[in-house]
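Colleague: Could you walk me through this model over coffee? I would like to hear how its parts meet.

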Amino acid sequence: MKAIYISSNNILSPLGFNTAENISQISREKSGIKLQNIIGKTPSYAALIDNDYLNQVFKAEAICDIYDFNKLEKMMLLSLIDTISKASFSITDRTLLIIATTKGNIDILNSKINHISKNRAYLPELGKQIKKFFGFKNEPIILSNACVSGVLAIAVAKRLIQNEFYDNAFIVGGDLISEFTISGFQSLQAISDRPCKPFSKYRNGITLGESAASLAITSTNNSEKTIQIIGDGSSNDANHISGPSRNGEGLYRSIQSALKESKTSPESLDYISAHGTGTSYNDEMEAIAFNRAKLENVPVNGLKGYFGHTLGASGIIETIVGLHSMNNNTLYTSLGTDELGVSVPLNVIRNTQKKNIKTILKTASGFGGCNTAIVFKKIKF
Amino acid sequence: MDELKKELKRNIISQLNLEDIDVSDINDHDALFGDGLGLDSIDALELIVMLEKDYGIKLSDPSEGKNIFTSIELLSRYISKNRTK
Amino acid sequence: MKDLSIIAYCSIKDNTIKLNNTTRVAKDPKLSFLEFAKKAYKEQVLDYPKFFKMDNLSKLAFLASDVLCNSDIIKNEHKEHMAIVLSNRSSSLDTDRKYQATIIDPKNYYPSPALFVYTLPNITIGEISIRHKIKGENAFFVLNKFNAEILTQYAISLIENKKSNLVLCGWVDYDEKKYNAFMYIVARNGIYKHSKEFINKIFNSN
């Protein structure tokens, strides 16, 4: 099977509109989460992208009318402009476009938005906008698979390229913070009253975040140093549609599948980027799955303390931070984690520190009982 | 109180999509969760919404729900005492 | 790479359920989907009260998968590792609109958790997985229209990459009272050819 590599990438978040800015802020333990007045009377914590700043940058870089595109579209387009410009390949008819999003332009359902057609609530219409803007030749695949969408998109691209259906791919992920999403998670009692605290004793829910991120994936490598995607796996818990399995069965199987394919033993992993949403159930389930997979000693963090839970973008953003962890040989603090509150051991990263990082694991879990895991390896030629 | 219990049974059947269950099938003292009616965690959250929407009761701590939603008998007593609608 | 096969296929359209092009359930086309689904459930399913909590999209996916996921077609021990790859155009928009209705009026603001949990199309895969205890790979693709090419490419990729030996593929769409479900199981050996031409033929003829 062909080797598959990551080429360029971009994170567009409240911490900055390019990856370097985001990594710089993370290394200083800065968070994009702030107290906001989004809906209703009570202010709550969230990581929002400033609309005025977004429009300003979009007007300058996309050289487009800000009213032609919805907020999410502008975020995704800007992210892809950066990634595509730095990619080691250009778009051909052998290039795949994957868009990872849970709700797309869901804010359009609210009749107050008038300048964008209601038709754009259909995800394929969002896909058409992005395809047309960059001149992609193939129909985009929109992956709407709850919170694993971002990580799964990487696996889907790798699998299709390895089987020679495409030569390379661009992946973009993103989701908005909308009344729809906030009210929904609130109705599930899932939103924390403070910035989220992954794996902590007093964690009580998620903090929502708004971001876009993108990656270029290719089977051709021209660099001396690169990151290879060496294994992937996904598995359904087959237990409950909104709560994870108590013994982490689906996540455990996903990890085993990815480790087996990549021929990686648990001991040779240098770092795990966990899903770590900050809910009571998710973090406990993840900790159990990691222990079952004999990963309790591998340094692990949750990154949602920096970005919030960015839904469709989360898997891609957190993967990109993982890649930079490898490039910089740096483990970043698990922001928001304080006193550990899971029933099994975990080696949580307490302080940003240097470490030789060669092989990492990224995991994600989501509604519908889905789980996905990917192993990445730093290659030097 | 009997009228409230009947109303509660009707509301629960329609709100929670309990097909093929009649008001007469739900006994006042049957467990609503677990082995009785077999409601789950999402049903519990819907009941919290029902408490506020139909009876004006807002739970300050959602985990209180466990004690309130034990049976129709206990639920109707709680609502009689605390309803604002 | 040896060619793969399709072992069975089914469709639900115009209040009719077909397996390998043979009608299994046919109800009055004037019935609403809900009425049809209830009748189909009473004839074909019977032992799964959670069915009635599902949204339209999940009910549709459930009924279609129930036709294929039985021991006449796949052995129980193989079912556990089957991959499920579904697709549609409307995502969960039908339910999204219903959920939106619970939050649109500030004076009658009661967001429904039972509706919100169905505002993701991959919940269809979750419901099928729970019912049949399937712990395999999942993916939900949202596409402009039914796309046999993408489905065949991904099913082949999953099997070639040894992620699964069986793949349940399909299209399950529910939007503005119109619905269409089409599913088939890909395996290494079977009666029908796994090709986009064959798949398009049975999708369009059913």
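Colleague: Which domains is chain A divided into?

Modeller: This is a predicted model, where local features need pLDDT of at least 70, side-chain atom pairs count only at pLDDT 80 or more, and totals for chains, interfaces and linings use all residues. Residues are numbered from 1 along each chain as its sequence is written, while chains are lettered from A and ligands numbered from 1 in the order in which they are written. The bounds come from an automatic or database domain assignment. Chain A is split into domain 1 (4-218) and domain 2 (231-380).

Colleague: How many residues of domain 1 of chain A are in contact with domain 2 of chain A?

Modeller: The C-alpha centres of the two domains of chain A lie 20 Å apart. Two residues are in contact if their C-beta atoms, placed from the backbone, lie within 7 Å. On the domain 2 side of chain A there are 54 residues, and they meet domain 1 of chain A through its 56 residues.

Colleague: Thanks! Which element of chain A gives the most to the domain 1 side?

Modeller: Helices (H or I, at least four residues) and strands (E, at least two) are DSSP runs, numbered from the N terminus. Several elements of chain A each supply at least two residues to this side, including β1 (4-12), α1 (19-27) and β8 (211-218). With 7 residues, the one that gives the most is α5(A).

Colleague: Now to chain C. Which element gives the most to the side of chain A that touches chain C?

Modeller: The contact takes 43 residues from chain A and 46 residues from chain C. Among the elements of chain A that each supply at least two residues are α4 (123-134), α5 (149-162) and α7 (249-262). The most, 6 residues, comes from α6(A).

Colleague: Which residue of chain C does Ile142(A) stand opposite?

Modeller: Strands pair if DSSP finds at least two bridges between them. Here 2 bridges join β5(A) to β5 (residues 138-142) of chain C, and these strands run antiparallel. Opposite Ile142(A), in β5(C), stands Val142(C).

Colleague: And chain B: what radius of gyration does it have?

Modeller: Chain B has 4 helices and 0 strands, and its C-alpha atoms fill a box of roughly 30 × 25 × 20 Å along the principal axes. The radius is taken over C-alpha atoms, and the globule rule is 2.2 Å times the number of residues to the power 0.38. A compact globule of 85 residues would have a radius of gyration near 12 Å, so chain B agrees with its own value of 12 Å.
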